[in-house]
Amino acid sequence: MSQASGYIDSYYQATGHQLPLQPELDSEITADVCIIGGGMTGFNAAIELRKRGYDVVILEANRIAWGASGRNGGMCLVGYCLGLHEVDEAFGPDWGKKLWDLSCESLDIVRDRIREFSIDCDLQQNCIELAIKPSHVKELKAYQDLMESHYDYDGISWWDRDKIREVTSSDRYIGGLFDPNSAHIHPHNYTVGLARAAMNLGVRIYENSAATKIVQGWPNRINTAKGSVKARQVLLACNAYIDGLHKKAENKVLPIISYIGVTEPLGDRQPITNKMAMSDLNNCLDYFRPTADGRILFGGVNHPFNGEHPDTRERLRQRMLKVFPQLDDVKMEYHWGGLFSATREYMPHIDHLGNDIYTAHGYTGHGVSLTNIAGRVVAEAMAGTAERFDVFSKIRHKWIPTPKILRKPALAMAIWKAELQDRLGS
Ligand SMILES: Cc1cc2nc3c(=O)[nH]c(=O)nc-3n(C[C@H](O)[C@H](O)[C@H](O)COP(=O)(O)OP(=O)(O)OC[C@H]3O[C@@H](n4cnc5c(N)ncnc54)[C@H](O)[C@@H]3O)c2cc1C
């Protein structure tokens with residue numbers, strides 16, 4: 001952590017935009033809505049609510065975009081962590097279609113916000129999901145069939161090995177499903193852009209102001225170390241950093257720490273020539289993309305909870321070399337980690353917890369896009385129209401049953417098992 005800035009050291013910090021430090025809350029204030037968490041979820045909801053005329057306060061325990069929103073891979077993807085067939089199976093085709101349409105709207109919101117607020121965040125269209133083994137090809141082709149037949153999703157196309165090799169110089173992949181609608185961004189700059197837009201609309205933001213307790217009542221009162229907010233409605237937008245603030249929300253998500261590395265600038269050695277982002281289909285997947293300044297950002301090493309392995313940077317580099325062996329002499333200039341929240345259903349947990357307290361988290365690796373629609377449907381529900389919110393809130397999320405102390409070894413076992421399946425499966 002860089003003491004001066006309050007942020008961790010990362011490529012995004014080195015290349016990102018900054019906002020002036022916002023004040024710490026040190027008095028008793030009132031608002032219509034108090035949002036806890038200054039990341040993509042919080043700012044999306046704040047913008048939607050402010051546009052409807054609500055008086056909104058955001059409390060952020062650290063700095064704006066300090067959490068996953070300022071640390072992630074920037075892959076802005078259509079759909080959910082749960083595959084399309086499983087969505088259909090679990091929820092039925094009609095509900096599945098509504099979920100799908102909302103995920104497409106997420107991507108539209110990202111592009112709209114970038115345009116509306118002139119957010120400079122290196123938006124780049126085009127992503128491809130890559131097959132390493134025949135079972136992946138089968139899965140991706142079935143996915144393509146379903147997207148085209150049932151979801152009216154045009155524009156995707158199948159790429160064979162040669163075509164992939166042509167634009168990536170990588171021999172690792174035997175096929176892939178190309179999607180020109182999905183995209184990638186500089187997520188820190190996107191979040192800072194949202195925060196600036198929210199401020200300009202009149203949202204009050206307090207940094208270094210952790211909510212320590214929610215005293216439920218009419219209105220609710222949210223305490224911080226030096227002040228409090230009285231607000232009728234509350235949104236928990238805390239992701240995996242929620243840590244005891246609200247048990248009903250916390251017990252539906254598992255925090256998982258994920259790592260990213262960024263190489264030194266590659267100049268004319270950049271292997272990805274068409275600027276697209278890529279991810280494979282393994283359980284413990286690799287994802288990677290070129291950055292705007294010509295490096296490769298490579299993510300995919302996960303650990304249960306905090307506690308970095310001493311060899312994380314080298315593990316990231318070794319995984320990158322499996323894809324791009326020609327980059328053996330290239331330095332991994334940055335690496336960092338952050339928490340994301342996963343649910344047992346692999347679907348986001350967007351819900352009303354009672355007493356006008358809402359939560360939106362558990363995007364399970366798809367938050368760069370889904371935080372945008374989450375903010376919108378939560379704002380709609382707070383304003384009295386919960387139809388689209390209910391498409392999410394009616395998903396029955398199971399509790400994470402494992403006691404906190406046993407979660408780390410249980411998760412370590414699950415990650416190990418998933419890695420083994422990746423290696424052994426055909
Ligand atoms: C390394 C990594 C890579 C990822 N890559 C991708 C990717 O490529 N694509 C993708 O779609 N998703 C990815 N994700 C997930 C994605 O980043 C998240 O889903 C998304 O950023 C969640 O946004 P958020 O606003 O809900 O949470 P966050 O951005 O984590 O914000 C939550 C904020 O709440 C604050 N907070 C918590 N408790 C309190 C409190 N009591 N009081 C006040 N504030 C509090 C925290 O300080 C934090 O700033 C990745 C995540 C990680 C960690």
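How many residues surround the ligand, and which are the closest? I counted a residue as near the ligand if one of its heavy atoms lies within 4 Å of it. I found that 39 residues surround the ligand, and that Thr41, Glu60, Ser69, Met75 and Ala211 are the closest.

**Basis of the entries.** I note that this is a predicted model, in which local features need pLDDT of at least 70, side-chain atom pairs count only at pLDDT 80 or more, and totals for chains, interfaces and linings use all residues. Residues are numbered from 1 along each chain as its sequence is written, and side-chain values use heavy atoms, with hydrogens and water left out.

**Ligand contacts.** I looked up polar contacts, which between ligand and protein are pairs of N or O atoms within 3.5 Å. A polar backbone atom of methionine 40 is 3.0 Å from an oxygen atom of the ligand. For asparagine 62, a polar side-chain atom lies 3.1 Å from a ligand oxygen. At glycine 367, a polar backbone atom is 3.0 Å from an oxygen atom of the ligand. The ligand taken alone exposes 1000 Å², and the protein buries 96% of that; accessible areas come from the Shrake-Rupley method with a 1.4 Å probe.

**The shell.** I then asked which elements give two or more residues to the shell around the ligand. They are α2 (40-51), β11 (254-263), β15 (332-342) and α10 (367-382). Helices (H or I, at least four residues) and strands (E, at least two) are DSSP runs, numbered from the N terminus. By residue type, the shell divides into 19 nonpolar, 18 polar and two charged; Gly is counted among the polar residues.

**Domains.** The protein chain is divided into domain 1 (11-72 + 188-253 + 345-395) and domain 2 (124-184 + 254-342 + 403-426), with bounds from an automatic or database domain assignment. Why does the ligand lie between them? Both domains give residues to the shell, so the ligand lies between domain 1 and domain 2. I recorded 29 Å between the centres of the two domains, taken over C-alpha atoms. In contact (heavy atoms within 4.5 Å) are 20 residues of domain 1 and 19 residues of domain 2.

**Local features.** I noted that the peptide bond from tryptophan 218 to proline 219 is cis, with omega near 5 degrees. Proline 219 lies in the loop between β8 (213-215) and β9 (220-223). Alanine 65 is not a glycine, yet has a positive phi of about 65 degrees. I located alanine 65 in the loop between β2 (56-59) and β3 (75-76).

Definitions and conventions
Polar contact = N/O pair within 3.5 Å; in protein donor to acceptor, adjacent residues only side chain to side chain.
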